[in-house]
Amino acid sequence: MKQYTLEFNTLNLKVKKSPFIIRLIMFLLAFLFFVVPVLGVILSIATGNGLHIGYFIAIGVFGLIGFYLLRVSLWNTYGEEIIDFLPNKIIYEANYGWFKDAKKEMELILPQYSFKSVGYEEDNEAVLVITCENSEIETAVKMPIAQVEELIMALQPSYN
């Protein structure tokens, strides 16, 4: 499966979905990290123990963990990166399906395209690295090295 599309001046990198059971477990855990502390507080108040500051700390900590798990789950389900090559700059954005990360901008001055190996050596996977003078964009989508090399070849003549 080809994980990238290069149309006009926009590059889309798609995440390879995790197995369904793994995604289901991660979404379930994220949901439970949000709901269980709230239900615990409600149950504690209902039994007459009152409201304590520790409840709010627990809800906050478990809420942050739940948010992180939700974000990872969404990335493994809907994750994609969008890189727009404009005449004078590159705009990078990570899309999680339900929300997006902040856009990163970089001046387009003599771009250099390379890859960085990630994961286990036998997986032969890498991420795309775009370098312009002092700034660098390193994508998060892992692709087979052959695909990244093919993508670099497609990018080279278009923007240099």
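The following note comments on the sheet, the nonpolar core and a surface patch of this predicted model.

1. The sheet. Five strands make up an open sheet, arranged in the order S1-S2-S3-S4-S5 with antiparallel pairing. Strand S1 (4–7) and strand S5 (104–107) are the edge strands, and each of them pairs on one side only. From one strand to the next, the twist averages 15°. In general, strands of a sheet pair through backbone hydrogen bonds, either parallel or antiparallel.

2. The S2–S3 pairing. Within this sheet, strand S2 (residues 10–14) is joined to strand S3 (residues 80–85) by five bridges in the antiparallel sense. Leu 13 has Glu 81 in S3 as its bridge partner.

3. The core. Leu 13 also appears in the largest nonpolar core, which has 30 residues. The members that touch the most other members are Leu 11, Leu 13, Ile 83, Phe 85, Ile 90, Ile 130 and Leu 151. Two or more residues each are given to this core by S2, helix H2 (53–78), S3, strand S4 (89–95), strand S7 (125–132) and helix H3 (145–159). H3 supplies the largest share, five residues. Nonpolar side chains tend to be buried together in soluble globular proteins.

4. The surface patch. A nonpolar patch lies on the surface, formed by Phe 20, Ile 21, Ile 22, Leu 24, Ile 25, Leu 28, Leu 29, Phe 31, Leu 32 and Val 36. Together these residues have about 940 Å² of accessible area. One of them, Ile 21, is found in helix H1, which covers residues 20–46.

How values were computed: Residues are numbered from 1 along each chain as its sequence is written. This is a predicted model: local features need pLDDT of at least 70, side-chain atom pairs count only at pLDDT 80 or more; totals for chains, interfaces and linings use all residues. Side-chain values use heavy atoms; hydrogens and water are left out. Patches are made of residues with over 30% relative accessible area and no salt bridge: like charges are joined within 9 Å, nonpolar side chains (Val, Leu, Ile, Met, Phe, Trp, Tyr) within 5 Å. Accessible areas come from the Shrake-Rupley method with a 1.4 Å probe; for residues, only the protein chains shown count as cover. A salt bridge is a side-chain nitrogen of Lys or Arg within 4 Å of a carboxyl oxygen of Asp or Glu. Helices (H or I, at least four residues) and strands (E, at least two) are DSSP runs, numbered from the N terminus. Two strands pair if DSSP finds at least two bridges between them. Axes are lines fitted to C-alpha atoms, for helices over the stretch in contact, and angles run from 0 to 180 degrees between N-to-C directions. A nonpolar core is a set of buried Ala, Val, Leu, Ile, Met, Phe, Trp, Tyr and Cys residues joined through side-chain atoms within 4.5 Å. Buried means under 20% relative accessible area, exposed over 50%, partly exposed in between (1.4 Å probe, protein chains only).
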